[in-house]
Amino acid sequence: MRIIEYITFDDVVIVPRKAPVDPQYVVLESNITRNHRIRVPILSSPMDTVTEQDLAIEIARLGGVGVIHRNMSISEQANMIQSVKSASPDFKHLFDTISINELDKSYLQSDKPLIITSNSSPIGAYIPAKSLSPALVEKIDLVLRLLRTGHVKPSLDNNGRLLVGAAISPFDIRRAEALEKAGADFLVTDVAHLHNVEALSALKKLAEKISIDIVAGNIGTKEAVLDILSKVESISGLRVGISSGSICSTGVVAGASVPTLTAVMNAREALEELGLFGRIPIIADGGIRGPGEAAKAIVAGASAVMSGRLFAGTDEAPSLLVRIGDKLYKTYRGMASAGAMKRRHAADRYSRPSKQLEEGVEGLVPYEGPLVKVMSRMFFGLQASLGYAGASRIEEAWNGVLARVSSLGAKEINPHDLVK
Ligand code: XMP
């Protein structure tokens, strides 16, 4: 038997190449499906400690997009989609914006901060006498810093409403139809191993009934991509990576995995063979710890990344806040963990029973504060990384180069030899 080699994020580095522009001019716009393009190439995972309406609203306002999890009844999930679609796409709940030309004393009565703009860019702020909490001031500051780049805009549909996706099982046509009716912009299959005879024939039937974009996953091999696209031609995006997530235990309990970076490379190879690379976006899912992994996935061929771990610790995530000593944490769990599977059966007794094997764990992640903090780190980090990759936009980054580093090299690129 031939043993093949799979590589993962820590095995490679981005080869620095001549940057065509200064990183501040790098544009991160990217497609997440054939028909939807967003400003910051990041999706939040459909997990019950990560993406419900609050996080989906905030991440779309900040240029990314959320995928609402399916660990709830069909009507609850449809209601969440409607809440996102009816939310204001701007930051009016945090501050008002006024052009310098329209500045009038009467506005200074406002009890909300007032951001003064010139040519639509923030140039100053009026903070009302009523004192704002330091946390709110920090949040407003971070939002403004992102908006001021001119690159971050809300992710919107053609009617100016926030963009949102929803997770489905390929076996649940009723749910898919309800979510499409509720206004979901795209659906994402939420299966640990979609490359399965029954799941594929179910997906084929479902796709015939649905007209919005469908992202298929999770998959990790070239064969899976070729097989899926030969059976369900209308697939509009690929969600790739098996068992690289921080809460995944599939690789241990089932002994099966395709690390996210390898899954991206495999999907790219299949799409290139079909002449579809660049037309069907690859979404790298699992194991993204920061902009470094996201950039490596993009250079390998991904259009965007999906993460649960990055967002579970934020205020907007529906996870529980826990204090241990003087430190704050939030709960985070795999969707195939015992607790999440129990909730799924209770929430939707009509759903097809999933396997009984636990393939995920439950734990705590450090509390992060507002989502905008994480999105800022990702946005500015990705701009810098793409600069190193020699790219001024995502599609150019696909011409970038990854180099394999030795284990000693991998050790050396982390901070080292310090006393503390
Ligand atoms: P991160 O690294 O962001 O990964 O925590 C999130 C991704 O992990 C997948 N996921 C699971 N995989 N067992 C698994 O093997 C699970 O219980 C589980 N729950 C989520 C999923 O693809 C998610 O986006």
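This short presentation describes domains, helix packing, sheets and some single residues in one predicted model.

Good morning. Please keep in mind throughout that the structure above is a predicted model.

I begin with the division into domains. The protein is divided into two parts: domain 1 covers 9-88 + 155-322 + 371-413, and domain 2 covers 94-147. Between the C-alpha centres of domain 1 and domain 2 there is a separation of 33 Å. In the contact between them, domain 1 supplies nine residues and domain 2 supplies six residues.

I turn next to the packing of helices. Two packed helices are described by two quantities, the angle between their axes and the distance between those axes. Let us apply this to two pairs.

The first pair I have chosen consists of helix 2, residues 74-86, and helix 4, residues 173-182. Their axes come within 9 Å and cross at roughly 20°. Are these two helices roughly parallel or roughly antiparallel to each other? Angles under 35 degrees count as roughly parallel, and helix 2 and helix 4 are therefore roughly parallel. The crossing of helix 2 and helix 4 is right-handed.

Which residues make this contact? From helix 2 they are I74, Q77, A78, I81, Q82 and K85, and from helix 4 they are R174, R175, A178, L179 and A182. Sorted by class, the contact of helix 2 with helix 4 has six nonpolar, two polar and three charged residues.

The second pair is helix 9, residues 291-300, and helix 12, residues 371-389. Here the axes are 9 Å apart, and the packing angle is about 45°. That angle makes helix 9 oblique to helix 12. As for handedness, the crossing of helix 9 and helix 12 is right-handed.

On the side of helix 9, the contact is made by P291, A294, A295, I298 and V299; on the side of helix 12, by R377, M378, G381, L382, S385 and A389. The residues of the contact of helix 9 with helix 12 divide into eight nonpolar, two polar and one charged.

Let us now move to the sheets. I shall describe two of them.

One is an open sheet of three strands in the order 6-7-8, and its pairing is mixed. Which strands stand at its edges? They are strand 6, at 96-99, and strand 8, at 121-126, and each pairs on one side only. On average, neighbouring strands of this sheet are turned by 35° against each other, direction ignored. Strand 6 pairs with strand 7, residues 114-118, in the parallel sense, and this pairing has four bridges. As an example that you can locate in the structure, T97 has I115 in strand 7 as its bridge partner.

The other sheet is also open, with three strands in the order 15-16-17 and antiparallel pairing. Its edge strands are strand 15, at 321-324, and strand 17, at 362-366, and each of them pairs on one side only. The twist from one strand to the next averages 45°. Strand 15 and strand 16, residues 327-333, run antiparallel and are joined by four bridges. Within strand 16, Y329 is the residue that stands opposite V322.

I close with some individual residues.

Consider K222, which lies in helix 6, residues 222-231. How many residues apart in sequence are K222 and V264? They are 42 residues apart along the chain, while the distance in space is 9.4 Å, C-alpha to C-alpha. Leaving aside residues up to four places away in sequence, K222 touches N266, E269, A270 and E273.

Now consider the backbone. Where is there a cis peptide bond? The bond from G217 to N218 is cis, with omega near 0°. N218 lies in strand 11, residues 213-219.

Finally, I mention two residues with a positive phi. For S243, phi is near 65°, a positive value in a residue other than glycine. S243 lies in the loop between strand 12, at 237-240, and helix 7, at 250-253. For D417, phi is near 60°, again positive in a residue other than glycine. D417 has its place in the segment after helix 14, which covers 407-412.

Thank you for your attention.

Methods
Residues are numbered from 1 along each chain as its sequence is written. This is a predicted model: local features need pLDDT of at least 70, side-chain atom pairs count only at pLDDT 80 or more; totals for chains, interfaces and linings use all residues. Side-chain values use heavy atoms; hydrogens and water are left out. Axes are lines fitted to C-alpha atoms, for helices over the stretch in contact, and angles run from 0 to 180 degrees between N-to-C directions. Angles under 35 degrees count as roughly parallel, over 145 as roughly antiparallel, 65 to 115 as roughly perpendicular and the rest as oblique. A crossing is left-handed if the near helix is turned anticlockwise from the far one by less than a right angle, and right-handed if clockwise. Contact means heavy atoms within 4.5 Å. Ala, Val, Leu, Ile, Met, Phe, Trp, Tyr, Cys and Pro count as nonpolar, Asp, Glu, Lys and Arg as charged, and the others, Gly among them, as polar. Two strands pair if DSSP finds at least two bridges between them. Domain bounds come from an automatic or database domain assignment.
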